[in-house]
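Me: I've got this model open and want to see how a few parts fit together. Can you walk me through it?

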Amino acid sequence: MPDRAADTRELTWRGVVIGALITVVFTASNVYLGLRVGLTVATSIPAAVISMAVLRALGGGTILENNLVQTQASAAGTLSCVFASLPALVMAGFWQRFPFLQTALLTAAGGMTGVLFTIPLRRVMLADPTLPFPEGVAAAEILRAGHHGESPGGLRALVQGGLLAGCLTFATAGLRLLGDGMTASLAYGLSAFRFSIGFSPALLGAGYLVGLEGGLAMLLGALLTWEVAIPVMAHLLPHPPGLGAGDFATRIWKDKARFIGVGLIGVAAIWTVLRMGRPLLGSMRTLLARQPATAARPERTDTDLPPRAMLAVAGLVTVTIGGMFMAFSASVGPVSALVAALAGLACCLGLGLFVAAACGYMAGLVGSSSSPLSGVIILAAMCLACVFVALRAVGLFAGAQGQHFAIGFCLYALTAITASAAIANDNLQDLKTGRMVNATPWRQEIALLIGCVTGGMVIPPVLNVLYQTYGFVGAMPHAGMDPAQALAAPQPALLLMITSGIFLHQLDWSMLGLGVATGCGLIALDGTLRRSGRGALPPLAVGIGIYLPMSISMTLAVGALLGHVMTRLTKGAGRHQGTMVASGLIVGESLTGVVLACLSAASGRDAPLSLRPAGMGGTLPELAGLAAFCALCLWFGRAQRRGAGQ
């Protein structure tokens, strides 16, 4: 029998050190990958695997200590999502480098607000049976499999899924021998109808865990966008000369149709927050209520940080964010600086809870990797810019210099909101993992706060090194640098364009309005379906399907349909085996993605291991990738049926 005290050891000094070391790798690779291609790697599952391996090598590790290490490391790695806003300050000429204190303190404080907001959300969202939290479940299955209690069949399924996904990802993203997706287009006049699917094992596994309702809702969003909205808009909008129908359709999605999804996500997120209003208020009252001395102590697995500790952290965070805003505003005079700091602080705290709830709900629905975090950040950027446009209308920040400052301040304040959103997007997955392995919530919350601090310290030097080494498109630090090597930084460029467009009255609001109207209709339809017992159509999932590339939505839908069919065939008996296989697929791709991102960052090339000949077209690799993906789906189904027969 293992010692009971050892089994319940969670937050340890060696765990904090290990988590901090893992943080450096994840944060650096995610910042580089985000600035290069606009994507990041989910960190919870790789952190769980690495911490399990390290603690096993050191000896004496427990499942709870493993969970705390991955919680800290994944929080810090997730905080790297501030790459979406901070480089815009350099690209717009506000900064020539990333000052350590201003960057680290604001990033860490913003992330800590996300932790505070997720504490009451934990009680509401983790109890919601409609939220599968796919990556949280996968991480818990990994931790259990690493523990001695997991059955050999389940562990074998996890390892097999991980190895297959790792090999496919390495052949696809590393060696470039397999295509990562396939697209078929049909041109009809000026319009193009498109069907696109990705060959991602992780998305297949995530779709399995998401379930049928969420997967079909995302599929509906993708089909409505690419088979209805874009072809119609192609006939209504002026066609640029020399641009093919397929390229025109892609431009319409990037510049127009995607913002329908942003509007839909916004109204659906607001509805979600309003619907959770009463449970959230009840959760807050429970957290802040003074318990009588005679009251029974809550279970260890349901205890959050004490109210005094939460208020102390909230006060520290508020003072830090306000101080950073005042420091950034020093050039506009004391009165304007104070107004800007107070307005920015109110937006951070006011928008923060909305953003945390929206991102946490979306992550619970489709997973952190597939959650359209950038869509919510776009909404937050619009709200911030509109607030400062209103302040300009009453005489503040007047003139070209005042407008330039207001744009920069919005981007800087957006960093805190981005950090809060990113943390909420990931942390509820960690808390779901903790609930499944019987962790102590308040210890997890401390680990999350530590992760925000360590991540905040790592991000500024990483950004400086990348900027000085490669530069950003449109912002080169040194004369003579090769523009071909510059990091594209797509999200910062988009946020700068949106923020500037609002101040200059150049933003097209019609697509956002269409998305809001569509969202209202879908909310009514979803309510009708739920009341009649005929299923559900989650509006947020439809918005995600519109906003994300069709290849992502389609692969998630394939995973959801595969899971539904196999569960029906096995009458639910192979569900655990399927969950373990799906978790393995997510693990294998995530770990391989981290390794490839590190190799790419070290070499300065996108694909340093590529074996594809320079003149080789994409058709043959795409067909090979399709064959490999179909084989993976067949193996997945057979593995679940074998599990049902055991």
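**A cavity and some helix packing**

Me: Which residues line the second largest cavity?
Reply: This is a predicted model, where local features need pLDDT of at least 70, side-chain atom pairs count only at pLDDT 80 or more, and totals for chains, interfaces and linings use all residues. Residues are numbered from 1 along each chain as its sequence is written, and side-chain values use heavy atoms, leaving out hydrogens and water. A cavity is a set of points on a 1 Å grid over the protein atoms alone where a 1.4 Å probe fits but cannot get out, and lining residues have an atom within 4 Å of a point. The lining of the second largest one is R122, L126, T301, L431, G434, R435, A439, P441 and Q444.

Me: How much space lies in the second largest cavity?
Reply: The count comes to four cavities of 30 Å³ or more. Volume is the space filled by probe spheres set on the points, with grid points joined across faces, edges and corners. For the second largest cavity that's about 50 Å³.

Me: Which helix gives the largest share of the lining of the second largest cavity?
Reply: Helices are DSSP runs (H or I, at least four residues) numbered from the N terminus. Helix 16 (399–436) and helix 17 (441–469) each supply at least two lining residues. The largest share, three residues, comes from helix 16.

Me: At roughly what angle do helix 16 and helix 17 cross?
Reply: In helix 16, I423, N427, D430, L431 and G434 meet Q444, L448 and C452 of helix 17, where contact means heavy atoms within 4.5 Å. The crossing is right-handed. The axes, lines fitted to C-alpha atoms over the stretch in contact, come within 11 Å and cross at roughly 145 degrees.

Me: Are helix 10 and helix 20 parallel or oblique to each other?
Reply: The axes of helix 10 (residues 212–236) and helix 20 (residues 539–547) come within 7 Å and cross at roughly 45 degrees. Angles under 35 degrees count as roughly parallel, over 145 as roughly antiparallel, 65 to 115 as roughly perpendicular and the rest as oblique. So helix 10 and helix 20 are oblique.

Me: How do the residues of the contact of helix 10 with helix 21 divide into nonpolar, polar and charged?
Reply: Helix 10 and helix 21 (residues 550–570) pack at about 145 degrees, with axes 8 Å apart. Among the contact residues are W226 and E227 of helix 10 and M550 and H564 of helix 21. Ala, Val, Leu, Ile, Met, Phe, Trp, Tyr, Cys and Pro count as nonpolar, Asp, Glu, Lys and Arg as charged, and the others, Gly among them, as polar. The split is 13 nonpolar, three polar and one charged.

Key
Axes fitted to C-alpha atoms, helices over the stretch in contact; angles between N-to-C directions. 1 Å grid on protein atoms, 1.4 Å probe; cavity = no way out; pocket = protein on both sides within 12 Å on 5 of 7 lines; lining within 4 Å. Left-handed = near helix turned anticlockwise from the far one by under 90°.
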